[in-house]
Each structure stands twice: as C-alpha cells, then as structure tokens.
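Me: Got a minute to go through this model with me? I'd like to start with the sheets and then move on to a helix.

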Amino acid sequence: MQKEIVRINDIIDQVSKYNQEADLDLIRKAYVFSAKVHHGQTRLSGEPYLNHPLWVAKILADLNLDEYSVSTGLLHDTVEDTYATLDEIRQTFGQEVAFLVDGVTKISKLSTKSRLDRQADNFRKMILAMSKDIRVVLVKLADRTHNMRTLQYLPPERQKRIAQQTLDIYTPLANRLGLFLMKRELEDLALRHIHEKIYKEIEKNLVVTAEQREKYVQEVIGIIDEKLRQFGISAGIKGRPKHIYSIYNKMLQQNLDFKHIYDLTAVRIIVGERKECYEVLGIIHSIWKPIPGRLKDYISLPKANMYQSLHTTVVGPYGQRVEIQIRTAEMDMVAKHGIAAHWKYKEGRKIEQKDDQRFAWLQQVMESQQDVKDSKEFLETFRVDIFPDEVYVFTPAGEVFELPKGATPVDFAYRIHTAIGHSCVGAKINGSIAPLKYELKSGDVVEILTQPSHKPSRDWLKFVNTSRAKTKIRHWIKQQERERSIVLGREICEKEFRKHKQSFSKLLKDSEVLGLFRKDGVKNLDDLFSAVGYGRIRARQIANKFLPQELKEDLEEKAVKVPTKTVNKPGKGIRIDGLDDIMVRFGKCCNPIPGDRIKGFITRGRGVTVHVVGCDFLEDADPERAIDAQWDNTVHYTATVPIEVVTEDKKGLLAEITSSISATETNIVNAKIKTTLDKKAICIFEIETSGVEQLEQVIQTIKNVRGVLRVTRVRP
Ligand code: MN
C-alpha cells in the first residue's frame, strides 16, 4: 500500500485552498531542505526516504493544519536521522518550526527507548505533557499513521510490536483528540498486523455480505429521504460501514459470530442546523420504533473529545436493527478531525505566537464545556498541559514514572524500590550528576547512584515530596532506633546482671519476666531490651526479679534520688541524633540551657542525659556512650539558671539590680545575698531564661548598673 508518490505541489495547492494567508514559501523551503538532508536515504520498502516526510505533510494538510505544522511534517525526521541540527532548523525556518520539530524529535526518542507494555497510560500523558503544543502530537500521529501504512516492509516481529504500541498509545490519543478517521485507520491497520487471520476473515465476510447490506441500507435511506422531503428538510444521507476493528471488538466483547452482528452499517444524516437534528430524530422515531436506552444526545452533552451528534438505534425494515447518527456539517467535521478541525475554526485567521496564548483556544473549549459532565474527563486529559502538577521521568532503561511536581531523585529512587531509596547516594539527570534535592522535570532521564552500605538521612525528609518516600524514610529511622536500643538495652542488662553476679542466660530463658512488663507494651525480649535502651524500663527492675529478697531494691525511692534535672518529654526541646522517642534529662553538673553546645550521654537504663560540652562529667565518661544532641529550636523552653553578681556593698543597689532584670522581662525565681569581709556583696539570682541568648542580654544589663563589679553564670 501507499507506495504511490505524493507531490509537494499537490500539498501546497491543498494548503492554499483552505488557508489563503499561509506562508507557502515556508513549506517549499522545508521540502527543499528535507530533500537535501535525506538525500541518498531509503526506506525498507526501497523507496526514497523523502516519500515518508512528504506523506506525513500530506496527512497534516488533510487535517487542514497550518503551514508550520505541514513544514514540521516535512522536517520531522531531519534532526533525528540526518546531519541537520536544531540550530540550523531554527535559523532557516524560525523559532516556531524549530519548537515543533524539537517536540516531535523528543517524543520519537522516547518511544524507541521505552518498554511500554504496562504503562501505556503514563506514556500518553507524558506525550501530552512534553508536547506543550498540541500540533506536536498531531505531527507525531501523522508520522505514526504513515509508518503504519507502510508497516508490511518491516520484519514480522517488529510489525506486531509497533502495531500493538499503536493500539496502546496512539489510537487512544487520536480518540482523545477526536481524530476519528485517523483512529479508525490506525485501528484497522493494527488489527491487520496483530491478528491477520481474523482481520482477513471479517474483511472477506464484509465483501460477501456487501451487496445484501448495500441493498438494505439503500432501502432505509430511501424511506428517510422521502419523509424528510415531506417535512421540507434537506439533508445528506449516507450509509457508513463500520470499520473492521469495531466489528472485531464487538465480536470479542459479546462473544458473537460475524453473522450475528447486525448493525454493520450505520446511517448518517447531515443537516444544516442544530435544531434540525432534533426534528430529524423525531421523524425517524415516528417511522421506526427506537430501542430503549440507545438514544444518545451528544449534542447537548458533547463527548470529551468535542464529538457532537445524536445517536439512536431503531428497529428498521424486516425487524433489523439500524444505528442512525444525526448531526450538522460542522459537527461532522469535528467528528472526523476533532481538535484539528477545531484548530481550523479558531485559528483560521492567524496563529498567535506567544506561548501563553497557545492554549487560549483550548481554554475556551473547556469553558464552553463547564456544565458538561464530560468536561472533567476532558480536563484530566489536558491537565498535564495547563496545570502541570505532574512530571513524567524515565529510568535509563526507558521506563516511565509519574511523580508529583517538585519530586526529587530521592522520591524517584523510593518509587522504584525501597532498597534503591535507602542506598541512594547521588543521581545523574540526563547523564550529569545532580544534587539529591534537584527538582525533576518531565522527560528527565534519571539514574540513581547507590552504595549498598549507604543509609537514608533524616535531612532527606526536608526535601522529599512523595508520601511514599517520607513514610519509607521515617520507617527506616524508627527501625534503626529500635535496633540500636535493643543492642544498647541488652548490653545494659548484661552489665547489670554481672554486677549482681547473676547469670544473664537465666533472663534469656525466663518467659515469666516478660509478663511483669506487659503494661509497658513488652511482648518479647527484643521489646524488653528496647525499652531498657530507650530508658523506659530500668535494668535494675529486671535484675530485681532474679535477686534474693534481701538484695531487692526499693526502686521507687531510688528513682527520686537520681541526680538529674527536669525530665524532658521525648522529642521535646532536644533532638538526639537518630533517636526519636527517648527520655532526655539534663545533667545537674552543668545545667545546660538552649544555646549551649551540648553532648548526649546514654545513661544505663535511664535514656540520655545532656551535658554542656566541656563539662567535667563528659571528661571521665565512656566515649562509647556519647551521642550527638541538638537543641530543637521549634520548641519553646524555659530553664532556671543561677547567676552570680558581685557588687560593692552599697545601699539600694540590690533594688536597682532587680529592677534592671525585670526591665528585660525576665523572672527572678530566687535571690540570695551575702556580704564579704572586704565590703563586697555577692548576690545569687535564679532567673528564668529561654536560653543563652537571653541570658547574655540579662547579664549585660546587670553589668551596666553602676556598682556592679562582676556578673557570671553559675555552673553548679
Ligand atoms: Mn517519521
């Protein structure tokens, strides 16, 4: 098929007929350029390669598209398959053609790379998202149409694969854009290559029954024609054979033989005006009985692809079912060419160059469909263009993934596999290294670099965008904490048992001990050790169970005597590296307040105690138990801090100092004063402070009081 030659002059004539203002020189120039760069190339059919772009241009002209689209049809393979560059196209044909050629080239690269089996839907959205201009999709569809027409020259394996891809990706796309004729042609061509036997059989049957069907349809048309004349309505009436793919589908879905498919032909009535459609419908129903449930009013409720028509099925002559479609000439045009037809109506004058106006017509269509049920579906289709809240990216193997806008390589990594997410150390975007917080764009090829030993970082939570990645990272952190706390808790218990000269294996074998801590949520030994590690249960409480009565300790009393300060609720005020859910106390030895540089210290059986860096306690402490700790700036915190003020022994000075402290809106909790032999006074003020910064301010204020000699923060 289609080895026949199409001539550039025919295309130019055709364009000049439907668009008098078209820049025909642009098309001529595109032809000459294409002929030059494709020179010497042939297709598998043996014909010159140039025939292909010529046919693509012809298909676009059949859709009445503008000169930019037709020129793009001629040039669509030049950047991909010849030495021509995009810059050259831009210089020779301008920005608009270059933009379209670039769009088509990008889509072509995708489809050869991609395994499409189970992601056709994403792929379609991706094409729309990447195209930015619907004309890119139209050129791509024209390209695919001609490739399908010449598919027989390819090896059988590729024929089947491309035919299936056409059904998966391109016919739904054609349907969405309302390109009914193209959809129909692509479907039949695809079926022919996928199920050749069935295709041939249906084709043969159609031929065998053709005469009989033709006769019947003519009879129906005759009856309608006569009736319409009586009512003074002029209309075009035609019988339209259904296409083979739709017959095949019907046989498949309803499990029917060919001979049981009755409505192989539809009768189409084309009238001049919208209101006549309804008049004709009334007339038809007065002749034949309509089949309930088969009346569809796509005029008042157009389909998502803008299709408008009345459909009804009636019991025609001899009791046979006949489907009848009624619409105006304009509706018929849209039914055949969909968005392309709409394009012509809206853009017939002059195409706006500005990007933001490119979609003005599309928005108009949507507005006109606002109270239509289908408009939601329509919107869904084009959401990717107009409200780009999704991005479509690839693996290096060409698999497509849909992610929300703002997603990063880390989101992508978790989307592929949790293990990939956990071990992700970097990313290559389109071949070059990019930061992990890079914002992905549609069409990016994303390669995740992993290192098996690598661990997720809490910092990732600040920039990941998908709930999947967030959940997986949090889960991992929780898991890690638990593992750490189990190891730690076990070690603490072992030492506690050793201290009391008890065999640790006794604990491991004893199942009753777990029961004692059931109220703490302990179900197994790991739970028990983890609770000890987190400081929720003291190792001594466990050891107690194994000790003789006289050695048991009164734990309640002991707990009160622990030399630490205010218990900090888990997660409040302090962040401990890697541990979310842990008891935190402050060392009384150094009394840390927010702003102090601090270090955590894992206390046996009592969670973590926080000390100021430089505190004597840490000097002697087991460095193995040291752990990083930070102040949590999001939590408001107050601490009571003693400060020592040395002054001259002078009447009224104390009052002056207290009022200067109050002026900084700081509470004084307690004050003690003593005088020394050398006529000085030493005052200890305990003040409430939110941290080092405020404390410094208070100290400075006191220093400014005349008579004050020295102010220092007291470390207990
Ligand atoms: Mn091509």
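Me: OK, which residue in β11 does A427 stand opposite?

Reply: That would be I448. Keep in mind that this is a predicted model.

Me: And which strands are pairing there, and in what sense?

Reply: β9, residues 424-429, pairs with β11 in the antiparallel sense, over 5 bridges.

Me: What's the strand order in that sheet?

Reply: The order is β10-β9-β11, an open sheet of 3 strands with antiparallel pairing. The edges are β10 (432-434) and β11 (446-450), and each of these pairs on one side only. From one strand to the next, the twist averages 40 degrees.

Me: Switching to the sheet with β20 in it. What's the order there?

Reply: That one is open too, with 4 strands in the order β20-β21-β19-β22 and antiparallel pairing. β20 (668-675) and β22 (708-713) are at the edges with a single partner strand each, so one side of each has no neighbour in the sheet. Here the twist averages 20 degrees from one strand to the next.

Me: How many bridges join β20 to β21?

Reply: 7, with the two strands running antiparallel; β21 covers residues 680-689. To give you a pair to look for, T675 has A681 in β21 as its bridge partner.

Me: Which helices pack on that sheet?

Reply: One is α26, residues 653-663, which touches β19 (639-648), β20, β21 and β22. The direction of α26 makes about 20 degrees with that of β21. Another is α27, residues 692-703, which touches β19, β21 and β22. For α27, the angle with the direction of β22 is about 165 degrees.

Me: New topic, α12. Which of its residues are buried?

Reply: The helix runs from 244 to 254, and the buried ones are I244, Y245, I247, Y248 and M251.

Me: Why do they end up on the same side of α12?

Reply: Because they cover an arc of only 160 degrees around the axis. As background, an α-helix has 3.6 residues a turn, so residues three or four places apart point the same way.

Me: What do those buried residues pack against?

Reply: They pack against α9 (156-176), α10 (180-194) and α11 (196-230).

Me: Last one: what phi does N255 take, just after α12?

Reply: N255 has a positive phi there, about 55 degrees.

Definitions and conventions: Residues numbered from 1 in each chain as written. Predicted model: local features only at pLDDT ≥ 70, side-chain atom pairs only at ≥ 80, totals over all residues. Heavy atoms only, no water. Pairing = 2+ DSSP bridges. Axes fitted to C-alpha atoms, helices over the stretch in contact; angles between N-to-C directions. Contact = heavy atoms within 4.5 Å. Buried < 20%, exposed > 50% of the residue type's maximum accessible area, 1.4 Å probe, protein only. Arc of directions from axis to C-beta.
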